[in-house]
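Reader: Got a minute to walk through this one with me? Let's start with the sheet.

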Amino acid sequence: MLTVHHLNNSRSQRVLWLLEELGLPYEIVHYQRDAKTMLAPASLRAVHPLGKSPVVTTDDGLTLAESGAIIETVIERYGNGQLAPAPGTPEALRYRYWMHFAEGTAMSPLLLKLVFDKIERSKMPFFVKPVAKMISGKAKAAIIMPNIESHLNFMEAELGKSEWFAGNEFTGADIQMSFPVEASQARGGLNATRPRLMAYLERIYARPAYQRALERGGPYDLSS
């Protein structure tokens, strides 16, 4: 049986969703972020040296880390042809692209915005705060938000080509892409002005496997 080392409010939620979509049995080991730092507990380092989630362990001693690698490996090992396009098809190329785009491109400015937002809210000497807020505001206006806007526009246009990211069938690429799209809605400005992305979120929220994963994973909030 697979074991998911699950950190609250993290990328590991989509691994639970993947396993629910495939109908695979699994166990969850829950970890909670530090309330002040929002970092994962040190106990995760006993599972993987980087101490980050998601991590999946198998009965045969395999330890899997990195969301994209986990999703691809689980689908290849246990999917029986589900959730991945046929090799050599145009959909397979799109599938591979979006599997890498999610973390390689989409998440970078979203993470930077989260960091700079935290800087603006942090306690600091009164004479430092205006300078920190000014630097943060300029970074977000000049670099971070333009990149987020560009990515959202691109994703919105691509969903005009097909119902799902890799084509007209739901795949693991949609599970992988769910996190940056959800994070964009929570803190990146995604709203009704991009109706295709909002409709994509409604489609994934309506999936029974997504709802079962939320029930097992616990509260899920990407706004902070």
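Reader: What's the strand order in the open sheet, and what's the pairing?
Author: The order is E2-E1-E3-E4, and the pairing is mixed. This is a predicted model.

Reader: Which strands stand at the edges?
Author: Strand E2 (26-31) and strand E4 (63-65). Each has a single partner strand, so one side of each has no neighbour in the sheet.

Reader: And what does the twist average?
Author: 20° from one strand to the next.

Reader: How many bridges join E3 to E4?
Author: Three. E3 covers residues 55-57, and the two strands run antiparallel.

Reader: What stands opposite Thr 57?
Author: Thr 63, in E4.

Reader: Now the helices. Which strands does H2 touch?
Author: Helix H2, residues 67-78, packs on the sheet and touches E1 (2-7), E3 and E4. Its direction makes about 130° with that of E4.

Reader: Where does H7 lie?
Author: Across E1 and E2. Helix H7 is residues 208-217, and it runs at about 50° to E2.

Reader: Zoom out. How many helices and strands does the protein have?
Author: Seven helices and four strands. Along the sequence the pattern reads β-α-β-β-β-α-α-α-α-α-α.

Reader: Why call it as compact as a globular protein of that length?
Author: Because its radius of gyration is 18 Å, and the globule rule gives 17 Å for 224 residues. Those two values are close.

Reader: What does the C-alpha trace span?
Author: About 60 × 45 × 25 Å along the principal axes.

Reader: What share of the residues is buried?
Author: 45% of the 224. The accessible surface comes to about 11400 Å², with 58% of that belonging to carbon and sulfur atoms.

Reader: What share of the contacts comes from residues 24 or more positions apart?
Author: 66%, counting contacts with a separation of 6 or more.

Reader: Switching to one residue. Where is Arg 194?
Author: In the loop between helix H5 (172-187) and helix H6 (195-205).

Reader: Is Arg 194 buried or exposed?
Author: Buried. Its relative accessibility is 8%, and the cut-off for buried is under 20%.

Reader: What is Arg 194 in contact with, leaving aside neighbours within four places in sequence?
Author: Glu 149, Leu 152, Asn 153, Glu 156 and Gly 189. So two glutamates are among the contacts of that buried arginine.

Reader: Good, that's what I needed.

Notes
Residues numbered from 1 in each chain as written. Predicted model: local features only at pLDDT ≥ 70, side-chain atom pairs only at ≥ 80, totals over all residues. Heavy atoms only, no water. Buried < 20%, exposed > 50% of the residue type's maximum accessible area, 1.4 Å probe, protein only. Contact = heavy atoms within 4.5 Å. Pairing = 2+ DSSP bridges. Axes fitted to C-alpha atoms, helices over the stretch in contact; angles between N-to-C directions. Rg over C-alpha atoms; globule rule 2.2 N^0.38 Å. Areas by Shrake-Rupley, 256 points an atom, 1.4 Å probe, with all protein chains shown as cover.
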